[in-house]
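Reader: Could you take me through one part of this model at close range? I work at the bench, so I would like to know who sits beside whom, and then how that part fits into the rest.

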Amino acid sequence: MGILERGVDEAAASHVESDRALNDTPRMSGRRWAVSVVVCAVLLALLACVSGSLRFGSMDTFAQLANGHELVIYFDPPDLTQPGVLRSDERGKRIVHVMITITNYAAGPRNVIGGTADCSCVVTGQLPQRIEPNGKTSIDATIKLGPGESVIDHVVTFYTDSRVDPVLTFRLVSHGH
């Protein structure tokens, strides 16, 4: 019996030592724990932004999609100081062409039905246009500049059949010299 008792005593002593070790483990204070949670949340948000930006091509596109949009507009503002950007039409008026790209991130096709601008100096062509899911379409906007005008600042609106984005409005701005 001495052997069994000794074995039980050793097991009990071992159990007591492991309990002491757990109780002696340093614990994180409430403030440290809160800081750790905040740091983890910031790192996760940063990771989401980077991966979203890589997946969708830009942080702006990712932000629009994160805000619930399904149609995203992109265009490069024309640099009026570059040679060849300003051209003359058949009547001798100065014009600028801007290619506007609309990407459809919706599950189904969407249609760009029409467009308007805040003046008659902006003309959009090739409408209506159908955009397949995860597809893009490009719309050429022709902007007519008045005599001596070297700044473009117009609001352009496209109308779509999307329930989420029925109206796409953006400001087309470019400065010359």
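Author: Happy to; what follows is a close look at Arg110 and its surroundings, and then a short walk through the rest of the chain. Please keep in mind that this is a predicted model.

Let us begin with the overall layout. The protein has 3 helices and 9 strands. Starting at the N terminus, the order of elements is α-α-α-β-β-β-β-β-β-β-β-β. Of its 177 residues, 28% count as buried. If you take the contacts between residues at least 6 apart in sequence, 58% of them join residues at least 24 apart.

Now to Arg110 itself. You will find Arg110 in strand E4, which covers residues 110-117. Is Arg110 buried or exposed? Arg110 is buried, and Glu70 is buried as well. These two residues form a salt bridge, with their closest N and O atoms 2.6 Å apart. Arg110 belongs to strand E4, while Glu70 sits in the loop between helix H3 (59-66) and strand E1 (71-75), so the pair ties together parts that are 40 residues apart in sequence. The link between the two side chains also appears as a polar contact at 2.6 Å.

Glu70 is not the end of the story for this side chain. The side chain of Arg110 also reaches the backbone oxygen of Gly108, at 3.4 Å. Which residues does Arg110 touch, leaving aside those up to four places away in sequence? They are Glu70, Leu71, Asn104, Gln129, Arg130, Ile131, Asp161 and Ser162.

One of those neighbours, Arg130, leads us to another charged pair. A search of the whole structure finds 2 salt bridges. Besides the pair of Arg110 and Glu70, there is a salt bridge between the side chains of Arg130 and Glu132, at 2.8 Å from N to O. Glu132 is partly exposed, with a relative accessible area of 40%, whereas Glu70 is buried.

From charges we can turn to rings. The structure contains 1 aromatic pair. Phe158 and Phe170 make up this pair, and their rings are stacked, at 6.1 Å centre to centre with 25° between the planes. Phe158 lies in strand E8 (residues 151-160) and Phe170 in strand E9 (residues 167-175), so this pair ties together parts that are 12 residues apart in sequence. Both Phe158 and Phe170 are buried.

Another place where distant stretches of sequence come together involves Leu86. Leu86 is in the loop between E1 and strand E2 (87-88). Leu86 and Leu145 are 59 residues apart in sequence, yet their C-alpha atoms are 9.0 Å apart in space. Leu86 counts as partly exposed, at 27% relative accessibility.

Finally, let us look at the outside. The protein exposes about 11,900 Å², and carbon and sulfur atoms supply 58% of that area. Val35, Val39, Leu43 and Leu46 form a nonpolar patch on the surface, with about 360 Å² of accessible area together. One member of the patch, Leu43, is found in helix H2, which spans residues 30-56.

To return to your part: Arg110 is a buried residue in strand E4, and its salt bridge partner is Glu70.

Note on methods
Residues numbered from 1 in each chain as written. Predicted model: local features only at pLDDT ≥ 70, side-chain atom pairs only at ≥ 80, totals over all residues. Heavy atoms only, no water. Patch = residues over 30% accessible without salt bridge, like charges linked within 9 Å, V, L, I, M, F, W, Y side chains within 5 Å. Areas by Shrake-Rupley, 256 points an atom, 1.4 Å probe, with all protein chains shown as cover. Salt bridge = Lys/Arg side-chain N within 4 Å of Asp/Glu carboxyl O. Helix = DSSP H or I, 4+ residues; strand = E, 2+ residues; numbered from the N terminus. Polar contact = N/O pair within 3.5 Å; in protein donor to acceptor, adjacent residues only side chain to side chain. Contact = heavy atoms within 4.5 Å. Buried < 20%, exposed > 50% of the residue type's maximum accessible area, 1.4 Å probe, protein only. Phe/Tyr/Trp six-rings, centres within 6.5 Å; stacked < 30°, edge-to-face > 60°.
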